[in-house]
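Work through the exercises below with the sequence and the coordinates open. Each task is followed by a stepwise solution.

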Amino acid sequence: MTIGLAPARFGLPASAVDDDLSVLRLIRSRRVGPTTFHRLIAEHGSARAALDALPGIAAQSGIADYAVCPEGVAAAELAAGRRAGARLIRHDSADYPDSLRQIDGAPAILWVRGDPAWLSRDVMAVIGARNASSLGLRMARGMAAGLGEAGFTVAAGLARGVDTAAHAAALPTGTIAVMAGGVDVIYPAENADLATRIAECGVLVSEQPPGTEPAARHFPTRNRIVSGLSQGVVVIEAAQRSGTLITARNALDQGREVMAVPGHPMDARAAGCNALIRDGATLVRSAADVADALAQTRPLPAPVVMAAPDPLPPPPRDQGGPIQLESRILQRLSPSPTEENDLIRDLGVPAATASAVILSLELQGRVTRLAGGRLALS
């Protein structure tokens, strides 16, 4: 369905004539995505008027028997949001972040758990590989903590690896988790405790209805929100073809700063970051580098001081036996040296258990032990 873009009508803004039910019915109607939603609002002046016009527009486009989203479906979504303790923020609300409103195809609505004020602060995204190395996880923690101390709110996608490390480190200064599914559907499940803490010390946000299980098609749309909320993105470990690079491309398209932490040229997890730097992204090694780069084009935010949250519970102990532990160790190592003590701490297993498996990998020729208690992939 193609809808021509006409000038917006003057008069009352949509917020003065629409209610949440009408806005939800419009964005949840068949073949109405964010871009079409905004075109319909611009042409018809309100969601209610657009709903009335939609069947006729669809008929002119050759779509027979078109029906808009029923009131009952939208009402059920509102009820699900209330049960989840979430709040609906519409595109025409004062709480909707200006940075996100400026992007093409901005979400028509956002469901949030937590304080929506975090969405309108100075935000930097810290993103990277799910199968991050121990060095990558350490970099993510240091980068997020440093950005928080510098006054930034750290945004990421609540994924495993770099995202999880960045969110956890930024809890004392506030963090934004943009979710692919509903704000009440935590993925991955092991981040349930972390998500609860984020709702207390920051905000969870999604454009999907509460109760929605994340699907593959949701992650690229989630990524555009991560970058759209942010002044820029910092990439820490990313394969040459990955969702992380999709977010970086979104950031470039949205006029955001793109920065990357370099990695070892033989580590596939660093290929994306190294390619970004080759193509013009700013090379950064710390939060100070990020601040210096932004200071050339944008004023730096004032630091945010918050009470320190209670510590997160320790990561679960390994239950998968030596074979799974071997895989986890290999995922965290790269050709660059990693401190063995840091690796064992990241694994969350007894030192004796980890040391036995590391020795086995060393005997297999898959891991090399270096001077100073360091390990690297052979």
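The exercises cover a sheet, two nonpolar cores, a helix, a pocket and two cavities of a predicted model.

**Exercise 1. A small sheet**

Task: State the strand order of the sheet that contains S10, S11 and S12, and describe the link between S11 and S12.

Solution:
- Step 1. The three strands are ordered S10-S12-S11 in an open sheet, with antiparallel pairing.
- Step 2. The edges are S10 (338–339) and S11 (367–370), each of which pairs on one side only.
- Step 3. Four bridges join S11 to S12 (residues 374–377) in the antiparallel sense. In one of the pairs, valine 367 has leucine 377 of S12 as its bridge partner.
- Step 4. The two strands S11 and S12 make a hairpin with three residues between them. Glycine 372, in the turn, has a positive phi of about 80°.

**Exercise 2. Two nonpolar cores**

Task: Identify the elements behind the largest nonpolar core, and find the contacts of isoleucine 109.

Solution:
- Step 1. The largest nonpolar core has 34 residues, and Leu26, Phe37 and Ile109 touch the most other members.
- Step 2. Two or more residues each come from helix H2 (20–27), helix H3 (34–44), helix H4 (47–60), helix H5 (71–83), strand S2 (109–114) and helix H9 (192–201). H4 gives the largest share, six residues.
- Step 3. Beyond its neighbours within four places in sequence, isoleucine 109 is in contact with Val23, Leu24, Ile27, Arg28, Leu88, Ile89, Arg90 and Glu207.
- Step 4. Another core lies apart from this one; its 31 residues include Val112, Trp118, Leu245 and Ala260.

**Exercise 3. Leucine 245**

Task: Is leucine 245 buried or exposed, and which residues does leucine 245 touch?

Solution:
- Step 1. Leucine 245 is in helix H11.
- Step 2. The relative accessible area of leucine 245 is 7%, and the cut-off for buried is under 20%, so leucine 245 is buried.
- Step 3. With residues up to four places away in sequence left out, leucine 245 touches Ala238, Ala239, Gln240, Gly272 and Leu276.
- Step 4. The C-alpha atom of leucine 245 is separated by 9.4 Å from that of isoleucine 127, a residue 118 places away along the chain.

**Exercise 4. Helix H10 and the loop after it**

Task: How many residues of H10 are buried, and why does serine 230 count as buried?

Solution:
- Step 1. Nine of the eleven residues of H10 are buried, which leaves the helix mostly covered.
- Step 2. The buried residues are His218, Phe219, Arg222, Asn223, Arg224, Ile225, Val226, Ser227 and Gly228.
- Step 3. Serine 230 sits in the loop between helix H10 (218–228) and strand S7 (232–236).
- Step 4. Serine 230 counts as buried because its relative accessibility is 2%, against a cut-off of under 20%.
- Step 5. Apart from neighbours within four places in sequence, serine 230 is in contact with Val123, Met124, Ala125, Ala155 and Arg256.

**Exercise 5. The second largest pocket**

Task: Give the volume of the second largest pocket, and say which element gives the most to its lining.

Solution:
- Step 1. The second largest pocket holds about 250 Å³ of space.
- Step 2. Its lining has 21 residues, and Gly128, Arg130, Arg222, Gly243 and Thr244 are the closest to the centre.
- Step 3. Strand S3 (123–128), H10 and helix H11 (243–253) each supply at least two lining residues. H10 gives the most, with four residues.
- Step 4. By type, the lining divides into eight nonpolar, eight polar and five charged residues.

**Exercise 6. Two cavities**

Task: How many cavities of 30 Å³ or more are there, and which residues line the largest cavity?

Solution:
- Step 1. The count is two cavities of 30 Å³ or more.
- Step 2. The largest cavity has a volume of about 70 Å³. Its lining consists of Arg130, Gly157, Leu158, Ala159, Met179, Ala180, Gly181, Val185, Tyr187, Pro214, Phe219 and Arg222. These residues divide into eight nonpolar, two polar and two charged.
- Step 3. The second largest cavity has a volume of about 40 Å³. Among its lining residues are Met179, Ala180 and Arg222, and H10 gives the largest share of this lining, four residues.
- Step 4. The lining of the second largest cavity divides into four nonpolar, four polar and two charged residues.

Technical notes
Residues are numbered from 1 along each chain as its sequence is written. This is a predicted model: local features need pLDDT of at least 70, side-chain atom pairs count only at pLDDT 80 or more; totals for chains, interfaces and linings use all residues. Side-chain values use heavy atoms; hydrogens and water are left out. Two strands pair if DSSP finds at least two bridges between them. A nonpolar core is a set of buried Ala, Val, Leu, Ile, Met, Phe, Trp, Tyr and Cys residues joined through side-chain atoms within 4.5 Å. Buried means under 20% relative accessible area, exposed over 50%, partly exposed in between (1.4 Å probe, protein chains only). Contact means heavy atoms within 4.5 Å. On a 1 Å grid over the protein atoms alone, a cavity is a set of points where a 1.4 Å probe fits but cannot get out, and a pocket is an open set with protein on both sides within 12 Å along at least five of seven lines; lining residues have an atom within 4 Å of a point. Grid points are joined across faces, edges and corners, and a volume is the space filled by probe spheres set on the points. Ala, Val, Leu, Ile, Met, Phe, Trp, Tyr, Cys and Pro count as nonpolar, Asp, Glu, Lys and Arg as charged, and the others, Gly among them, as polar.
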